[in-house]
Amino acid sequence: LLLSLVYTGSVVSTDGDEPLGADVMLGCLDLAHRWDIRHVVQMVVPQLSAGLTVDTLGQVWESAALIQQQELLAACRAFAHNAAAEVR
């Protein structure tokens with residue numbers, strides 16, 4: 001995923017139209033942040049933000065806090081606020 005985003009700016013899915021899981025996206029975000037590949041971070045953060053669910057919120061929020069990704073942290077806060085009844 002990371003190399004596909006670095007070199008082509010897109011993802012070619014091998015699983016048909018199956019969306020990428022949060023764990024895959026978070027792994028890509030971690031590597032892109034670690035290697036300072038900013039354009040990949042800018043591509044992955046909106047995808048993670050849009051794909052937040054009650055099940056992925058904790059994992060995404062933790063990753064965002066560890067790398068201090070403010071845009072993703074704000075998305076997590078907003079999602080938690082809007083889905084407060086489900087999150088509890």
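Where is glutamine 68 found? Glutamine 68 sits in the loop between helix 4 and helix 5, and this loop is a good place to begin a walk through the structure, which is a predicted model. Glutamine 68 is exposed, because its relative accessible area is 61% and anything over 50% counts as exposed. Its backbone deserves a look too: glutamine 68 has a positive phi of about 55 degrees, although it is not a glycine. To put that in context, most residues other than glycine have a negative phi.

Another loop holds a residue with a positive phi. Aspartate 36 is placed in the loop between helix 2 and helix 3, and its phi is near 55 degrees, a positive value in a residue other than glycine. With a relative accessible area of 48%, aspartate 36 is partly exposed.

Now let us turn to the loop between helix 3 (38–50) and helix 4 (57–67), where you will find threonine 56. Is threonine 56 buried or exposed? Its relative accessibility is 17%, so threonine 56 counts as buried, since the cut-off for buried is under 20%. A polar atom of the threonine 56 side chain lies 3.0 Å from the backbone nitrogen of threonine 53. Leaving aside neighbours within four places in sequence, threonine 56 is also in contact with Ala22 and Gly51.

Step along the chain and you reach leucine 57, which is found in helix 4. Leucine 57 has 5% relative accessibility and therefore counts as buried. For a sense of distance, try finding serine 10: its C-alpha is 24 Å from that of leucine 57, and the two residues are 47 apart in sequence.

Helix 4 has a partner to look at next. Helix 2 (residues 22–34) packs with helix 4 at an angle of about 0 degrees, and their axes are 11 Å apart. Because angles under 35 degrees count as roughly parallel, helix 2 is roughly parallel to helix 4. Helix 2 brings Asp23, Leu26, Leu29 and His33 to this contact, while helix 4 brings Gln59, Val60, Ser63 and Ile67. Sorted by class, the contact of helix 2 with helix 4 has four nonpolar, three polar and one charged residues.

Some of these names come back in the interior. The largest nonpolar core has 23 residues, and those touching the most other members are Leu29, Val40, Val44, Leu48, Val60 and Leu72. Which elements give two or more residues to this core? They are helix 1 (2–8), helix 2, helix 3, helix 4 and helix 5 (70–82).

Two core members are worth following by eye. Leaving aside neighbours within four places in sequence, valine 60 is in contact with Leu26, Leu48, Leu52, Leu72 and Cys76. Leucine 72 is found in helix 5, and it counts as buried because its relative accessibility is 0%. Not counting residues up to four places away in sequence, leucine 72 touches Leu29, Val45, Leu48, Ser49, Val60 and Ala64. Histidine 33 is 39 residues from leucine 72 along the chain, and their C-alpha atoms are separated by 13 Å.

Finally, look at alanine 50, whose place is in helix 3. Its relative accessible area is 71%, so alanine 50 is exposed. Alanine 50 and phenylalanine 79 are 29 residues apart in sequence, and 9.7 Å separates them in space, C-alpha to C-alpha.

Definitions and conventions:
Residues are numbered from 1 along each chain as its sequence is written. This is a predicted model: local features need pLDDT of at least 70, side-chain atom pairs count only at pLDDT 80 or more; totals for chains, interfaces and linings use all residues. Side-chain values use heavy atoms; hydrogens and water are left out. Helices (H or I, at least four residues) and strands (E, at least two) are DSSP runs, numbered from the N terminus. Buried means under 20% relative accessible area, exposed over 50%, partly exposed in between (1.4 Å probe, protein chains only). A polar contact is a pair of N or O atoms within 3.5 Å; within protein, one must be able to donate a hydrogen and the other to accept it, and residues adjacent in sequence count only if both atoms are side-chain atoms. Contact means heavy atoms within 4.5 Å. Axes are lines fitted to C-alpha atoms, for helices over the stretch in contact, and angles run from 0 to 180 degrees between N-to-C directions. Angles under 35 degrees count as roughly parallel, over 145 as roughly antiparallel, 65 to 115 as roughly perpendicular and the rest as oblique. Ala, Val, Leu, Ile, Met, Phe, Trp, Tyr, Cys and Pro count as nonpolar, Asp, Glu, Lys and Arg as charged, and the others, Gly among them, as polar. A nonpolar core is a set of buried Ala, Val, Leu, Ile, Met, Phe, Trp, Tyr and Cys residues joined through side-chain atoms within 4.5 Å.
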